[in-house]
Each structure stands twice: as C-alpha cells, then as structure tokens.
Amino acid sequence: MKLPNSFGSVYKQSGNRRKPWVARVTTGWTEDGKQIKYYVGSYKNRAEAIAALTEYNKNPIGERSGITLGALFDEWANLKYENINKSTRETYNAAWNHLSKLSDMQFQDIKTSHLQDIIATMSKSGLSKSSCAKVKVLAGLLYQYAMSDDIIGKNYAELIKLPEETAKGRECFSDLEIKAIEKLAEIDQWANTILILIYTGMRIGELLKLTRFSVDIDNMVITGGSKTEAGRNRVIPIHPKIQGYIRQWYNTSSSYLINRDGQRILVDYYRTQLYYPTLDKAGVRSLVPHSTRHTFASLLSKAGANTKAIQEIIGHADYATTANIYTHTDLEELRSAIEKI
C-alpha cells in the first residue's frame, strides 16, 4: 500500500532487530536542499509503524515527552549507526545491553539514581571501570540527543560516578585454583577456555575474536591480539597443557575458534554467563577475567622467562621495568619462555 504524499514513509531495516520497522517524516529542508528527517519511532511490524505515522499526522508535535528509553535508543541508533564502523556499533550495543534494563521507562522519568544502580550492578558482577565508563558514555549521548529535541532539559548521565579500580584485578589464581580449573576442564568446555586465557595471556575480547585462521595448528602458534600497537597480531606459542583444547575448538565447524553452537560469543555474555559460573562450578574465587593475564605473566616470571619474551607475548609496549634494549625475540625463544611454565 502506497502512502499519501507528504504523509511520511515506513521502511524495514536490515539485520536482526527487536523493532525493525521505522516510521519517518520529512519536516523541512536544509539550505543545501537536504531533507530534515524526523523519526517517529521503531516498531515490531509494518502495521504498527503505519499506525504510529497516522497518529503522528493527526498530532504532528507528537508525544515526545513520553518516549521510552528503548524507543529513544532505537531512534538514536537509526541515525548514528549509519556513520560509524562495526567495532563502534558493537561497543554501543554492549553498553546498551546494560542500559536496556530501563528500556520500558519513560526517558523523562530516568534519573541519576537509576543509572547509578546499573553501574553498581555491573561493578558487583566484576565488570571493569572501563566497561562502566562505556555505559556512562552511551547514556550521555542519549541525553544529548534527547536535549536537542527538548525531550528533557538536564543530562543526568553527567552525574554518574564510576567505581574505583580495585586491587582485585591484580590478583592471580593460585596453583591449587589452576589445578581445580584443569580438573573441571576435563569435562567442561568453558573451563578449558579459562585455561586458554591463563596459558596465553589473552584478553577475553582477543580470544573471542580469534578465527580458525588465527591458529597455525601444525606449528601450534596463535597470531592475534588487539587494543595497543604492541598487542596487535602478536605471536603466542600454544602451551602443551592447552594444545588438546585448541585442537578441539579448531575442529569445530565455526569460523570462530571459541564459539557457542557455531556462533560468535560476545564478551559480556562470556564474562557473566560462562566465565564466573564456571569458576563457581570449579570452587574457585571469582577473580576478574583480567586476573588470567596477571596469572600468565606471573607464571612466566616465576619460571624465569626473560622480560623481553614476557613483554612480547603479553603484548605490552613496556612490561614493568623491561629495558627495551633486546633484539627481537624469535619464535623459539617465545616458545621456550611459554614452556618454562
């Protein structure tokens, strides 16, 4: 059914979205002839979108003051996601997974206390200050968008207080705890992923981004990493203790090395639904995921690996007080360092 001229338009967005149908109207034109578009909202199906567009045309001012956080996010994302890369979209989506707990609330009713409760919940579950900061950034962007449309007059996201970094993140798993994880890994695939983190020093995000092409299965070497220039595409020899597990994951049909039913696993899901429950199942302290990196570095240091090798495997530009005076550590030196553990 074709809609009348000047009535507005309804279209379906691509991808797997909760509300893929968008109702939109043109409210004017810029000096250079571009349309000024107003998004009425996002909807589950075409009928709902047309009904909303019809209601908007009866009352063009709309009921913007009563918009929910979920509807506002959908509207903001429709505009924002057109001009940002995939990595940034994933970052916003990960932050939205936490903010979406308030999605059914009218935006004007959300205050700092509601947002602070989300941050507190994240912190208690072991999420880092950095993860909390990303939620604060997204909330701030949504408030700025709402203020530009006179939906609300104050940015409550600016008042969010982020948690302090705790010493817990610098703790290491004990030898007994590693043995408990190893025992569970014999029957539990997610326990073996924790061992892979411990014996590679990779971050969760780095591990979950690995594809089968990241693994040289014949030479037992992983090439991967991110975050810093020193950390990108670093070479990590695979420790004998985890080679069997790497082979198991490598032989699945998924393009991603670590996967669930062939699908990529998101960092937040792994952390909350797999990592912490698995530690609990093993009877091990709920140390934050970054503790696996500290454990790896500690094991290398205790085994007598040279600081340059530790620096290259971990992917730090400068590891502790490492003097950058060594020549490039070759693969055999790196493998020797790993196998000292």
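This passage describes the sheets, helices and selected contacts of one predicted protein model.

The structure is a predicted model, in which local features require pLDDT of at least 70 and side-chain atom pairs count only at pLDDT 80 or more, while totals for chains, interfaces and linings use all residues. Residues are numbered from 1 along each chain as its sequence is written, and side-chain values use heavy atoms, with hydrogens and water left out.

The chain contains 13 helices and eight strands, where helices (H or I, at least four residues) and strands (E, at least two) are DSSP runs numbered from the N terminus. Of its 341 residues, 46% count as buried, a term that means under 20% relative accessible area, with exposed meaning over 50% and partly exposed in between (1.4 Å probe, protein chains only). Among the contacts in the chain with a separation of 6 or more, 59% come from residues 24 or more positions apart, a contact being defined by heavy atoms within 4.5 Å.

One open sheet consists of three strands in the order β1-β2-β3, with antiparallel pairing; two strands are said to pair if DSSP finds at least two bridges between them. Its edge strands, each of which pairs on one side only, are β1 (9-12) and β3 (35-43), and the twist averages 30 degrees from one strand to the next. Strand β2 (residues 21-29) is joined to β3 in the antiparallel sense by eight bridges, and Val 22 has Ser 42 in β3 as its bridge partner. Helix α1 (residues 46-58) packs on this sheet, where it touches β1, β2 and β3, and its direction makes about 30 degrees with that of β2. Such angles run from 0 to 180 degrees between N-to-C directions, and axes are lines fitted to C-alpha atoms, for helices over the stretch in contact. Helix α2 (residues 69-80) lies across β2 and β3 and runs at about 135 degrees to β3.

Helix α2 also meets helix α5 (residues 129-148), their axes coming within 10 Å and crossing at roughly 90 degrees. The two helices are therefore roughly perpendicular, a description that covers angles of 65 to 115 degrees, whereas those under 35 count as roughly parallel, those over 145 as roughly antiparallel and the rest as oblique. On the α2 side the contact involves Leu 69, Leu 72, Phe 73, Glu 75, Trp 76 and Leu 79, which meet Leu 138, Leu 141, Leu 142, Tyr 145 and Ala 146 in α5. The residues of this contact divide into ten nonpolar, no polar and one charged, where Ala, Val, Leu, Ile, Met, Phe, Trp, Tyr, Cys and Pro count as nonpolar, Asp, Glu, Lys and Arg as charged, and the others, Gly among them, as polar.

Ala 185 lies in helix α6 (residues 175-185) and counts as buried because its relative accessibility is 5%. Not counting residues up to four places away in sequence, Ala 185 touches Ala 191, Asn 192, Leu 195 and Tyr 245. The C-alpha atoms of Ala 185 and Leu 195 are separated by 7.9 Å, although these residues stand ten apart along the chain.

A further open sheet has three strands in the order β4-β5-β6, again with antiparallel pairing, and its edge strands are β4 (215-216) and β6 (234-237). Two bridges join β4 to strand β5 (residues 221-224), and Val 215 stands opposite Ile 222 in β5.
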